Each structure stands twice: as structure tokens, then as C-alpha cells.
Amino acid sequence: MRHRALLISTSETLSREAARVAKGLGLQLDIRKGGLLTDGHLYALEHQSEYDVFLSQGGTALLMEEMLSKPVISITISVVDYVQALNKAKSYGHKVALVSYDCPLLKELESLAKLTPDFDFSVFSYSNKDDFQEQINKVFSLKDHTVIGLGGCTCDHVQKHGVDYVMIKSSRENVRSALIAAKNIIDLNYKERLTANRVTNILNYSSEGIFCVDKDGNIPIMNFAAERIFNVTQADVVGKPLASPEVPRIFRDIYGDGSFLVNETVVSGESAFMVNRIQLSINRRIEETLVTFQSISDIQSLERKSRNALRNAGLVAKKSFADITYSSQAMHECVLRARQFGSTDAALLIEGETGTGKELFAQGIHNSSPRSKGPFVAVNCAALPESLLESELFGYTSGAFTGARKGGKAGLFELAHNGTIFLDEIGDISPMIQSRLLRVLQEKSVLRVGGDRILDVNTRIVAATNKDLLGMVEKGDFRSDLYYRLNLLNLNIAPLRERPEDIETLVCYFLATKGSMYGLEPGKRLSARTLDMMREYDWPGNVRELENFMEKLLILQPLESNLDYAAMKLLAERTHRSRGCADPAGQDDAPGMLTIHVSSLKDMENEIFNKMLDRMGGNQTRVARRLGVSRVTVWKRLQDNQVRQ
């Protein structure tokens, strides 16, 4: 910061002392030699726009105070300084003549002289250059006098006539005090200008409209945003009463009664605004009311732009719970649980087989949470090698490794700030990544690869896996501390084979959403028999496999006699592949059909039970439902050694 002060110096001695002190204070001090008698005060007047503060002493300082609009500091000349000069002058053995600018201090000195006869002296005062010349001529007419005075000019005049001269000098302490005061004024002015500049820029570059109403009902300020929103200029409003007919009514509508208000909607004509009113008080007295506002339409536009930016960057969750299609009680309870988890910020682990819709649930949880307007970042941890996954998750600095982007790169955790990060296939991350991820969960901060600065991140972690993480913990393949932090909340999505009642709902949904793409007649449905066959199939790829099956069915169905026949044919192919080979007789059972060897009725019943248990994966409830018997009947058959357990 450059300090600008100007000293109009009345003597070489003062100039040297002031320069020395200013250097020690770090004060930028310019010095103009020559006081009142050489028009130093006029020089200060001509250059007052260039400086923050001015200094001088004696009559020069008094004149500058009258003429300048900037602060003027007088370097004090104390009674002690005068007395010291008088004592030195008396040592010459002559009478003393004091030549001084007319000021109140002279009266103090005259009073002191009356009390102390030893300090007898004559006073020759002046108030301008003409007076000075007249008084100095009187001094020259005296005989046997020693002259004392302030300025170097006085000294020059006197010594030309061979008269002894003693200069009255300000003490070093007084010079230092004056320069410290000058520096303080400059510092204060700088801070005030900086504060004013800061406030002005905050006002004018804020996207919110801002205006003030003072205690007298006038509008002292208004920013650029208010001009734009109200389509007025500051000249139309600033300095005028709020109640003036010249001030648009919309100002009065938004100001209302001036009471305190935070984020409330105010309607004026056909426009709506989000308004805040803050009362500014000094000593418990309201001096002004600050009003900030935003057009609701501008807020909506900004939100659309923000969402578009996130969408263009791929950082949005496009799905919600409404996109989850189901009819089973198991999925109903799973969705209810997920909705409840959406209201929290706790870490969440979603478990389920491949294709059950783990990311769909993660997106639904994000969109039902307070973070829904923030980014949603998804990463498949199994798809990237360890080194690349580390730099993707945590980012890197410039030069962190060969090929690193100049300037570095923000990691996915940084991109997910104030949002959600979805870590799919979390069971596949290495021990090193596990350790770094644990630190993020504990500290809520990340360190870029090659970096030395910790970055705070406010990100919710939702992880997913199709593996048995707890089993991996027991084997030592996954950190137990990380597992329990990730598993603070848990959501388990049942596989499709355990909720066959969802199959018909999903089939109808895929026919409705994909059928028109492949020319399917509107309203076309699969028969109940075909749906039963589909319910019997295990669907190891879950909903994703069913979706692919339906798309393939729609593609191939024009080549077959009807939709049901095409579905049964595809099911037979999948059943054959899932078993790996046909039975020894080359008669592999198609869904919905069993091949039974003719024998006694009891043996055939046992064979039916055995084959159905195989087909249903040992699920007694599904066997009972498919055969139309009670679960107790199946259980009793299992108690007989004739049925394989």
C-alpha cells in the first residue's frame, strides 16, 4: 500500500528529521521545502488531489488548514521549544526579538514572560508576507538584538544583516507524533476506501436487486440489478422519497410496511419476487431498511441453467422412485425403506445381484433427498484399474504423473460436492483405494494425487455391490472399518426369482414402453400360460435380463406366428443354456412342461416333485404355488425318503 503525505517544510532541519522518521515508519512522504514566505501553502493547494494528508508547522500549517479540504497536521511547537530557543538566544548576551506568525501560542509566551523576568523578549508577529517584511525591517532597525524564529526564510533575511539568529525547532517527539498521525489517517482512509469499494462492488455485481429506505422514507442507494429488474435508472429513484409518485409503485409493494422479512414471496402486479427485508439499527434505533429481492422467473431460469449444466456434464440423476416398476410386497417395502433413507445424509450400502436396479434406487434416493439439486456422480469401481480409479476419484495435480493434464484435474468426489457419489461394485476396489476411501468418510476431505492441500468435500456416499461384503471382511479381503462405515444404512434388493409376482408387471411395462419402437400392435399382451412359464424361469440376470429378453422378443416376433410362440421359443433357448446341456434322452424340458417317465402313480408324483424342486431351486413355497398344493404337502413329501432333499 502506498502512503501519500506531503510536508511543507519551513526549514532544512525539519526536512531532515521528518525524512528520517518517515523512513522508519514506512511512510511515503514527499517534502516541499519553503513555507508561507515562499508560497508553500499555495503549492499544497494546487496539489491537494494528489495526497491524502498534509503536514507543516506554524503559520504555514494554519493557512493550509483554512485553504485545504484534506486533513492538515500541524507539527507542534511547544512552549518548551520556545523556551529552549529563548535560553540559547540569551546566551549571546543581547536582548531577544521573537519573529513569529500571529498565533494563540504567542499570548501564552507573553504571559510566561510576565511571570518570569528572565524571559524578557520583544514580539514581532505577522499574518502574511507583507506583514513579515514590515516586521523584519523593524527588527533590523534594532541594535544589539538576537532574533529567534521558525523558518529558514527568517534565518536567511536576518543573517544577511549580520544579526544573530536562533531557530525554534520542534522536538523529535513532536515530529514523530505528527508523522504517526499522518500515517494513521492514510491507513484509515485506505480502509474506508477499500470498504466503500467492496460494498459498491457487492451491491453492483450482486444478482439480487437491492435498495435501501432510510428512517425519513428516502431511497439513498439502489444497485444495477434493481435497475435491470425494475427497468429504471438510479437517477429516477435514488435520493427521492419512497412515497414520491416519481418512484415506481413496485418499490412500495416490495418494501411493504418495512417489517423484517426473510425469503418471502411478494406479488406486484403480474410479477412475483423472493424478498428479504433487513433493518439496520444503531443504538437500537432503526436507521435504514435494506431490501433485497429476486424475480421468481429469474430464479427459475437460473435453476434451469444449473440443471442443464449438470445434465450436460452427466452429473444428474435422471431416475426417481416413480421409475421403479413393481407389484410385489417385497419391492414395496424396499422402496419405502429407500424413501426413508433419502431424508438422511448417512452413508448407504445397496446390496443386490447384478441387474436388480441398484443404481436406479441410488438415483431415486438422491432425487428424494435435500441434495436433489446438487450433482449425482456415478462410477463403476470394477471398470477401472487401481491407478486410474484413484486419480478419477480423488483427482490429481499438474505433473502428478506422466501424462497428467496441465493444471491438474478435479476428482469425482470434488465434482459431487453438495451432492451424491454412487460407487458401484464397491467390493472390487483394492486395499489402497479402500484406505483412501475410509479417510474421505472419516474426514470429509480429499487429497489429490500428487497434491499437498486438503480439500473439504460435502458429499454423500452411496455404495453398491453384488458380492458378499461381510464374507469378504471375514476372509480379510475387505476392510472391516470401511464396511461398517459404508453399511451404516443398508438396502437389500431381492432378485427377480424371489418376487415372481413382479414379472407380469414388468412385462406389461416393457411391452408398453418398447412395443411402439418395433411396430407392436397397441394393447398386445402375453398369455397367462406364457407368463406362468416366465415366472418359472430363474432370471439370473434379473430385471436387466428380462428387459433384454423383451427387447429381443419384440425384434423377433414379426418372424414368428405370434408373440406367445416367440416368447416360449426364447424361453426354451435360455433354459437350455442355463442348464448347460439336454437330458440323456435329448428331451430337455421346456418351461411350462415336464417330461415324466411312465411308472407307478406314486413314482411319477415323486418325479414331479423332484423335478419341480430342481426347477425352483429348492424353494418349497414356489413349488407349492406352481403345483396348486399347500406348502405342508410339499414339506410332508420332503419327509419321505422317496423325495430327494
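**Entry 1: strands S9, S11 and S12**

I began with strand S9 (residues 209–214) and strand S12 (residues 285–295), which pair in the antiparallel sense over six bridges. The model I am reading is a predicted one. To fix the register, I looked up Asp214 and found it opposite Glu288 in S12.

Next I asked how S12 pairs with strand S11. S11 covers residues 271–282, and its pairing with S12 is antiparallel, over ten bridges. Here I noted that Met274 stands opposite Gln294 in S12. I then followed the chain through the turn: S11 and S12 form a hairpin with two residues between them. In that turn, Asn283 has a positive phi of about 50°.

**Entry 2: Thr289**

I picked Thr289, which lies in strand S12. Is Thr289 buried or exposed? I count Thr289 as buried because its relative accessible area is 4%, and buried means under 20%. I then listed its contacts, leaving aside neighbours within four places in sequence. Thr289 is in contact with Phe211, Cys212 and Val213, and also with Tyr255 and Gly258. Arg277, Ile278 and Gln279 complete the list.

**Entry 3: the sheet with S1 to S4**

I moved to the start of the chain and traced an open sheet of four strands, in the order S2-S1-S3-S4, with parallel pairing. Which strands are at the edges? They are strand S2 (29–33) and strand S4 (72–74), each pairing on one side only. From one strand to the next, the twist averages 25°.

I checked one pair more closely. Strand S1 (residues 5–9) and S2 pair in the parallel sense over five bridges, and Ser9 stands opposite Lys33 in S2. Helix H1 (residues 12–25) packs on the sheet and touches S1 and S2. The direction of H1 makes about 175° with that of S2. I also looked at helix H3 (residues 58–67), which lies across S1, strand S3 (53–56) and S4. H3 runs at about 155° to S4.

**Entry 4: the nonpolar cores**

I looked up the largest nonpolar core, which has 33 residues. Which residues have the most contacts inside it? They are Leu393, Phe413, Leu423, Ile426 and Phe478. Among the elements that give two or more residues to this core are strand S14 (376–380), helix H15 (386–394), strand S15 (420–424) and helix H17 (431–443). The largest share, five residues, comes from H17.

I followed Leu423 further, again leaving aside neighbours within four places in sequence. Leu423 is in contact with Val379, Cys381, Leu393, Phe413 and Leu437. The run Ile461, Val462, Ala463 and Ala464 is also in contact with Leu423. Apart from this core lies another, of 24 residues, among them Leu496, Ile503, Leu546 and Leu553.

**Entry 5: Val446**

My last residue was Val446, found in strand S16 (residues 445–447). Val446 has a relative accessible area of 2%, so I recorded it as buried. What does Val446 contact beyond its neighbours within four places in sequence? I listed Phe394, Phe413, Glu414 and Val440, then Arg453, Ile454, Leu455 and Val457.

I also took one distance. Val446 and Gly411 are 35 residues apart along the chain, and their C-alpha atoms are separated by 8.9 Å.

Terms used:
Residues are numbered from 1 along each chain as its sequence is written. This is a predicted model: local features need pLDDT of at least 70, side-chain atom pairs count only at pLDDT 80 or more; totals for chains, interfaces and linings use all residues. Side-chain values use heavy atoms; hydrogens and water are left out. Two strands pair if DSSP finds at least two bridges between them. A nonpolar core is a set of buried Ala, Val, Leu, Ile, Met, Phe, Trp, Tyr and Cys residues joined through side-chain atoms within 4.5 Å. Buried means under 20% relative accessible area, exposed over 50%, partly exposed in between (1.4 Å probe, protein chains only). Contact means heavy atoms within 4.5 Å. Axes are lines fitted to C-alpha atoms, for helices over the stretch in contact, and angles run from 0 to 180 degrees between N-to-C directions.
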